[in-house]
Amino acid sequence: DLNDSRKITSQGEVIIKEPIRTNKFVSSLKILFKELPSVKYYFLLTHAGRPKGGKFEPQLSLKPNIEIIKKNLEGLDVLVELLPFDLTLAEKRINQIKEEYPDKRVVFIFENVRFYPEEKSDNPQERETFQSKLIEVTQKSSDRLLYCDEAFDKEHRDKEASMELRNFIPKENRFFGLYTWEIVKELADFDEKIEKAEKILVFFGGAKFDKFSQIGKLAKRFLEKLTIVLMGALANPYLVSIGKDVGESKLPTEEKDIKKVEKGLKNIKSAKVEVLSPKDFVVEGIKEPQTDLKGKKQIDIGPQTIKAYQEEIASLKEGDVVVINGGAGMFEKPQAREGTKKLLLALEEASQRGVYVLAVGVDMNNAIKIVEEDLKRPLTDKIIRISAGGALLEAIAVGVKNMPNVKAILDG
């Protein structure tokens, strides 16, 4: 029940699942220390980068983060210990620490969880065996463990061992970290707004083709009141599907991305949602905007497309909803930034008219920062910014309370 406070029981030891953003993690820990004064041992599961899995990669070790965490926890009488990659050695190290510091509060941090091939294995049995081993390493039975979810940006990853680990923990022992709880509440409120909106406008940019999975789900959920606006590399597969030549512009090459694009396009077609796609482009190596991409590579939307998208934004009324995920082009380059800048200015104006505007994802928020530097002023804080792109899009597509990882805690 989102009207209740966060559910926390004080008996047990805490497993925390969260991305390794050092400052946020330290803040989360300090909050838990106050809320759970009797808990002595904390176990952090997190990751950094994109290791291949199955081996230790020194350049992606969490060791540099540990020193920062230790420094930021100075004065709290807390020991921070990075565990060995080998889980047998990790268990031995935990024993040693507990014997050496029997009265000390300790934060044990597992090495980069993506070093372990089981973390993202397609085989559920392999993931389950890994989860059992992780619990075994803590030397506690599952009913003596608490599970703290402080990883909202991974809530859409329902086939990762560290997220599924919650299933081993009794429902009454699962809870959200404060930061994730605040996002869940905000998205539950957003879900009510989006249901009441007469029109929903969703901009998809960038070059992550797996977004087509969420595009397809959005189309199935919202049908006629949804308009999908495509830009950047994400526009290319759609343009090809309607018979356009995209020249040298980027298209999906990996089989998994191709399948997601095909399924997303199929869902868009069957849901009969409106799709807006670029009519002209800024292309690499040519000064004038182009309408024909044959033999060319697009790097931004052109003036005709900018005008059409601005008009679509201008048509929105108070209570309508806009979600923007990704820039209109390669906004890092000054010559490919105009589309992103003009759209953000139009959305700023819309937000001041009562349109609910949500900027989603790390790339989108980087684009906002770059545009603000160009403008030499901040954009309005009425544009709500959340960095958790994939998870947030999934929350919008299915409803935050229906996301498996969220539901598993709310139902506790």
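The lining of the second largest pocket splits into 5 nonpolar, 8 polar and 5 charged residues. Keep in mind that this is a predicted model. Besides that pocket, this briefing walks through an aromatic cluster, one helix with a buried side, a few buried spots and two residues with positive phi.

**The second largest pocket**

- The volume of this pocket comes out at about 310 Å³.
- Its lining is made up of 18 residues, and the ones closest to the centre are Gly206, Ala207, Ala233, Gly329 and Met330.

**Aromatic pairs and a cluster**

- Across the whole structure, a search turns up 12 aromatic pairs.
- Take Phe56 and Phe115: the ring centres sit 5.4 Å apart with the planes at 70°, so this one is an edge-to-face pair.
- Phe56 belongs to the loop between strand 2 (41-45) and helix 2, while Phe115 belongs to the loop between strand 4 and helix 4, so the pair ties together parts that are 59 residues apart in sequence.
- Phe56 counts as partly exposed, at 37% relative accessibility, whereas Phe115 is buried at 0%.
- Phe115 also pairs with Phe85: here the ring centres are 6.0 Å apart and the planes are at 80°, so this is edge-to-face as well.
- That pair links distant parts of the chain, with Phe85 in the loop between strand 3 and helix 3 (87-100) and Phe115 in the loop between strand 4 and helix 4, 30 residues apart.
- Phe85 has a relative accessibility of 26%, so it counts as partly exposed.
- Put together with Tyr116 and Phe130, the residues Phe56, Phe85 and Phe115 form one aromatic cluster.

**Helix 2 and its two faces**

- Helix 2 covers residues 63-72, and Asn65, Ile66 and Ile69 are buried in it.
- Why do these residues end up on the same side of helix 2? They span an arc of only 105° around the axis, and that puts them on the same side.
- On the face turned away from the buried side, you'll find the exposed residues Lys63, Pro64 and Lys71.

**Buried residues in loops**

- Pro252 sits in the loop between helix 8 (235-241) and helix 9 (255-271).
- Is Pro252 buried or exposed? Its relative accessible area is 17%, which falls under the 20% cut-off, so Pro252 counts as buried.
- Setting aside neighbours within four places in sequence, Pro252 is in contact with Phe209, Pro237, Asp257, Ile258 and Val261.
- If you want a long-range reference point, Pro252 and Lys382 are 130 residues apart in sequence and 34 Å apart in space, C-alpha to C-alpha.
- Ser121 is another loop residue, placed between strand 4 (105-109) and helix 4 (124-138).
- With a relative accessible area of 10%, Ser121 is buried too.
- Which residues does Ser121 touch, leaving aside its neighbours within four places in sequence? Its contacts are Glu126, Arg127 and Lys159.

**A buried residue in helix 14**

- Ala408 has its place in helix 14, which runs over residues 404-410.
- The relative accessible area of Ala408 is 13%, so this residue counts as buried.
- Leaving out neighbours within four places in sequence, Ala408 is in contact with Arg166 and Arg174.
- Ala408 and Gly264 lie 27 Å apart in space, C-alpha to C-alpha, with their positions 144 residues apart in sequence.

**Positive phi outside glycine**

- Asp77 has a phi near 55°, a positive value in a residue other than glycine.
- Where is Asp77 found? Asp77 is in the loop between helix 2 and strand 3 (78-82).
- Asp77 is exposed, with a relative accessible area of 52%.
- Lys272 likewise has a positive phi, near 55°, and is a residue other than glycine.
- The loop between helix 9 and strand 9 (274-276) is where Lys272 has its place.
- At a relative accessible area of 70%, Lys272 is exposed.

Terms used: Residues numbered from 1 in each chain as written. Predicted model: local features only at pLDDT ≥ 70, side-chain atom pairs only at ≥ 80, totals over all residues. Heavy atoms only, no water. 1 Å grid on protein atoms, 1.4 Å probe; cavity = no way out; pocket = protein on both sides within 12 Å on 5 of 7 lines; lining within 4 Å. Points joined across faces, edges and corners; volume = space filled by probe spheres on them. Nonpolar A, V, L, I, M, F, W, Y, C, P; charged D, E, K, R; others polar. Buried < 20%, exposed > 50% of the residue type's maximum accessible area, 1.4 Å probe, protein only. Helix = DSSP H or I, 4+ residues; strand = E, 2+ residues; numbered from the N terminus. Arc of directions from axis to C-beta. Contact = heavy atoms within 4.5 Å. Phe/Tyr/Trp six-rings, centres within 6.5 Å; stacked < 30°, edge-to-face > 60°.
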